[in-house]
Protein chains: 2
Amino acid sequence: ILRWQTRKRSLLRWLVIFFIAIVIETLYLFISYSSATLVTFRTTFTLQFQSGWSKYVIKLILSCLYAVIAFLMVYLVPASAGSGIPETKAFLNGIRIPDIQSLSTLTAKVFGTIFAVAAGLPVGKYGPMIHIGSIVAACTSRRARLIRPVDRLLEAARVFSNHSERRDLVVAGAAAGVTAAFAAPIGGLLLAWEEGSSYWSLKVTWRVFFCATGTLLFTYLLAGSRMGPAGASLVDPSYMQSYAGSFSTGIRVANEDLLLFVGMGVLGGILGAAFNALHWHMSRLRHSYVCTWPRRLMEVLGVTVVVSTVGFLASFLSESWACRPVPPAEPSLYEDAAYVVPYLDKLLPLTCGPGHYNEVASLYLNDGVSALRLLFHLPRLNLSDDKPMFSLHALALFAGPYFLFLVLAFGVSVPSGFFVPQLLLGAALGRMAGQVVVVFGHPTYLGQVRVFAIMGSAAFVGGITRMVPSMTVIMLEATGNLFFLLPFALVLLSAHWVGDLFTPSIYDMIIEIKGYPFLRPDPPKWALAQLRARDLMTPQVVSLRPIETVKRVQEVLCTTGHNMFPLLYPSSHPTRSGALFGTIMRETLVVLLQAANFSSTASVNNDPDNPELASPVLDFAQLLESAARLSSRVIAQPVIPLTPEDESKWMDLRPYSNPSVYFVTEDSSVTKVYRLFRGLGLRHLLVLSIERDVCGVIARHDLMPNSMESKLRKIKACKNASKA
Amino acid sequence: ILRWQTRKRSLLRWLVIFFIAIVIETLYLFISYSSATLVTFRTTFTLQFQSGWSKYVIKLILSCLYAVIAFLMVYLVPASAGSGIPETKAFLNGIRIPDIQSLSTLTAKVFGTIFAVAAGLPVGKYGPMIHIGSIVAACTSRRARLIRPVDRLLEAARVFSNHSERRDLVVAGAAAGVTAAFAAPIGGLLLAWEEGSSYWSLKVTWRVFFCATGTLLFTYLLAGSRMGPAGASLVDPSYMQSYAGSFSTGIRVANEDLLLFVGMGVLGGILGAAFNALHWHMSRLRHSYVCTWPRRLMEVLGVTVVVSTVGFLASFLSESWACRPVPPAEPSLYEDAAYVVPYLDKLLPLTCGPGHYNEVASLYLNDGVSALRLLFHLPRLNLSDDKPMFSLHALALFAGPYFLFLVLAFGVSVPSGFFVPQLLLGAALGRMAGQVVVVFGHPTYLGQVRVFAIMGSAAFVGGITRMVPSMTVIMLEATGNLFFLLPFALVLLSAHWVGDLFTPSIYDMIIEIKGYPFLRPDPPKWALAQLRARDLMTPQVVSLRPIETVKRVQEVLCTTGHNMFPLLYPSSHPTRSGALFGTIMRETLVVLLQAANFSSTASVNNDPDNPELASPVLDFAQLLESAARLSSRVIAQPVIPLTPEDESKWMDLRPYSNPSVYFVTEDSSVTKVYRLFRGLGLRHLLVLSIERDVCGVIARHDLMPNSMESKLRKIKACKNASKA
């Protein structure tokens, strides 16, 4: 029976994971569909007006309206700003960020993303999917009551209620988000691993893989027609296609090209580092000048106006030279017609005559994904006039301002991702590189500017995000051409290395800017030889007795900010600490005080050998649940009205404490402490003296480079003082 | 300057990794080329004879000769037997297996694999590549002197000399082996992760990815022509093609097919579990009856004779019905001609007339990879006579005996992998399933038996190895068709789940059979609630003083088998243990005794506050190197001739001990102990009582299910006794 129950539990777990996968994919489709509808609405509405300028004004007003709605979401739920990837990464590192995974954040994120994308800002909907995926997973595991019918399933989700299981589920959700966005389950798995892998087990791999596969399966079942000639499609499959569209496997890459691609990777690394550095300065400026909500709104509106206006102006002013005939949509003329012809009708005429397109407008005024596909798929030469489809100056006129847009828009107060804009800019630069290479006499068959565009995208994204294995696979799965594996890997590796010479990755930078206590995989090199556990720890340990007076508990909670307290029996020896029972968390103490479950036994025997309980035991599961509901402010400064007679009562803390304690000796190296923290996802660690007395506590913030540096400085000062 | 040195070091690391990648790929090419040459030699030699039977006898004699050479390799270096995957897995789990990574094992493995494959046994060369890759990496990090010119580079490899760096490098080597074998770098990364991931960091991901990419890059540079129209190929590209050959991306899979594939996954799981169970019994039989070298030789010869004879007999006896006309090699007749026509000339005529092929012989008498490609690529119907290319009874006549061959040959004393044979059998079964489905009226366009053959392969491999994410990606990269992603994932998931209901995976089974103390990701469920650290530990801790007499050190080494000793200062308190200085390893003590670096100071002050050294310090790096050179037998039973006057001298152990010690309390849960061991790759862990005295040591073997079970039984017996 036990075995059957275990099986049932494990089956339920898989069901819950599949449920999460379905919810995530549905949300993705909802976002895609809604933002497309909003854009269509704006277009139809704009078309009612005749003159070019009134069209422009109407479009601008509608865009600003959309942008304001997106901004409002952030105003209402500040945690929904940006892509949420750094926050998810920080959460997986073991950092608690308030509200980052609440249902309201999910709602704000979904609607904010829809409107931000529809507003025509240079933002994408792929980044937020990672955050959305992680919120869905976290909410499911917390069993937020959504709808009655799924309640039983969510009840089952309580098997995920403990902290590490929830973390695993969040990883799976993030990966499912990637899968939904890019149709890239392996890429999702690798991304979750690369960005979130502070601690990882085979079980996590399994869950993540299953969740990602579940998302893909659901997608395929919905879009039956995408897979084979039979089967009707429930939804428009174009919402589910990957951003790149699939590529002809006829495209080949020669050995000489690999060298060119590595060169592009190097350039991508430099440009990416420049972008990151600019973002660093932008965020400092933003911190000083854009610090109130009205100013933030002004910033969002300003960026929207600039982006729309520059795009329009560039398109109109280039009218004289950028109008070109649309090449014939005749499949027999193209080598890979199936991969070219479908994209021709994305070429925009603007004010050019019928049968013509405006090069610049096709890049600026299309939505990001369409523009990207044009750059990725159209051949180098226009068959109608034998000139390049996109001329060098048109590409430059797009890429230059767009780089500035990206710098401006990255970090404004709307929910938004930046993956597609990065790809788009990279593709434009890559296409320029490809055309320059052709001009310099590279053989024509190699002059497949399409491949250069894709590699340009990879290079720029690599230079900014510094992800290599996962980005290789995501690009691979999105382009559907396994021959690109080696080029992608080389481009991304070189972009990573070159970029790392100048700045950290954009995510690490944001984590630093926001000041999350993020633990890197290794301690800084300078700390290795000079610091030991003894130097890192906070030496005065505030401890409680296993059976403690209510007064003392309240006092400790009010006067210290510690999150963990060791439970030590009174010691018979004057200089040594007593026997250790275990550790107890701050939030547990708060809940216990609130429950007012005290004992008035007059004579309390704090003796290790006495197992008798001094006060009745509360249900531990319920306790955990109430602890999870506490807001971080209540935990930090609990106000518990206690009667004077309560204060003299006793609490038996033993049933609620954790007897499994990890220690290190005070002589342990920083590396060992780091490995314990990261490898096990710890938040606190007790330090023992060589006499094995509890002599200190190391918390996560003690391992931050800043804190280590100041401690090192103090030690050096002490040494110098003692020398003098 | 420091920064520049760090950069140089890190550059050197990457160079070393790339060097390893190149060596591994070169070895793979050498193995492929040599075994193909040996087969060609046998064929040409056999052709000199006229009659069918004399041909058979000559071929049999040559095959036996090859098999004997392969056997000799195992006789000379027993560690080279089998695929080496379980051993690599065990090594990465933190288990030391003697000789598994020596240069002689590498040599024996390479030549053994060549001859085993050439002997026509149902074995493959892909499995050993994983082991070979890991040996190359390990040898490089140990800096085995190979050739003068690469010596400087290998000197640089000393940056990998510490234990955890070496382990990381071995992971990278294993992944490069997979990449070399399957041209699947991402698959290699995932395989190394899935099978070897006891502890893993982002740094490892990077190294593994780089090593795998390096292998692929080297492959592509050698086989220039494979990537594009230009570039001459240095070696025959067919040696570098993946086993599956690439697939037309025109192949699509419909939603209804997914259900059929899941069914095949279920069958694959059942068959795979049956195979694993049979292997379990076979290895017990082998253990009882085939336990001397002559008998092992007889076994190898017997299997070779059976395999060759049955293949020949089946081919000859089927002459009457299995001779069929070869379909025309006219590209215009086939939908995916490029993926079909190249394989038509692998159809063997045997005794059939010209322009004909024998169905059974084409499966039995081809080498494994060719037969596999026939099953993977040839269409269902023979265009010449409109009957299936391979009839159901031909496939059955092949699959039935071949299953028995696999059971017989798996585990005989030759170096060999079993990946291709598994795929081959799976493909035959899958093709049968596909043809049955067509008979039952499944629409023709779905009746692409090719896809069924591939899915059959995946199902059978999945049922045996139970790898899911990595196998999905390996199959994907080998077939080059991203549309197979979802089907592969579903097939492998269902095979895994169904298989797990019956038996563990083949690798876990071999690890169990060989008795390696392998730590699973989680402790067994029954242990969770009932055992604590206190119950697992060995309670009598043998400790040394930081400054110890030579006599006592020698005594401790001779009378105990412990591998780690805590260094405790003498205690002033009668019942409590003294202050802890750190821990020291057994092998360090052996080296120190051998070095005879003793001090004769008469009055030794074993006081924690006395930093003065009692004996001169040896070079620690040198010490480590000599420790690594010690054979396991010397470490276990060191014979050190000491003069009586030496015995009364003192050794100061403090400079050689490790002051970073991990502890748990005796109340810690089994899960926490497990997480520490796996997460940090520990071999020993000190246990503290609640008074924080050192009260026990937990070693890896204390965490094995058997050991835990016997301890649990003892505890229960004690409880019952105390009740009575």
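**Location of A:Phe502**

In which helix of chain A is the place of A:Phe502? A:Phe502 lies in helix α21 of chain A, helices being DSSP runs (H or I, at least four residues) numbered from the N terminus. A:Phe502 counts as exposed because its relative accessibility is 55%, the cut-off for exposed being over 50% (1.4 Å probe, protein chains only).

The model is predicted, so local features need pLDDT of at least 70 and side-chain atom pairs count only at pLDDT 80 or more, while totals for chains, interfaces and linings use all residues. Residues are numbered from 1 along each chain as its sequence is written, chains are lettered from A and ligands numbered from 1 in written order, and side-chain values use heavy atoms without hydrogens or water.

**Nonpolar surface patch**

A:Phe502 joins A:Leu267, A:Ile270 and A:Leu501 in a nonpolar surface patch with about 410 Å² of accessible area together. Patch residues have over 30% relative accessible area and no salt bridge, and nonpolar side chains are joined within 5 Å. Helices α11 (255-289) and α21 (485-502) of chain A each give two or more residues to this patch.

**Helix packing in chain A**

Helix α19 (residues 449-465) of chain A packs against α21(A) at an angle of about 35°, with the axes 8 Å apart. The crossing is right-handed. On the α19(A) side, the contact (heavy atoms within 4.5 Å) includes A:Ile454 and A:Met455; on α21(A), the participants include A:Pro487 and A:Phe488.

**Helix packing in chain B**

In chain B, helices α18 (residues 449-465) and α20 (residues 485-502) pack at about 35°, with axes 8 Å apart. Their crossing is right-handed.

Notes: Patch = residues over 30% accessible without salt bridge, like charges linked within 9 Å, V, L, I, M, F, W, Y side chains within 5 Å. Areas by Shrake-Rupley, 256 points an atom, 1.4 Å probe, with all protein chains shown as cover. Salt bridge = Lys/Arg side-chain N within 4 Å of Asp/Glu carboxyl O. Buried < 20%, exposed > 50% of the residue type's maximum accessible area, 1.4 Å probe, protein only. Axes fitted to C-alpha atoms, helices over the stretch in contact; angles between N-to-C directions. Left-handed = near helix turned anticlockwise from the far one by under 90°.
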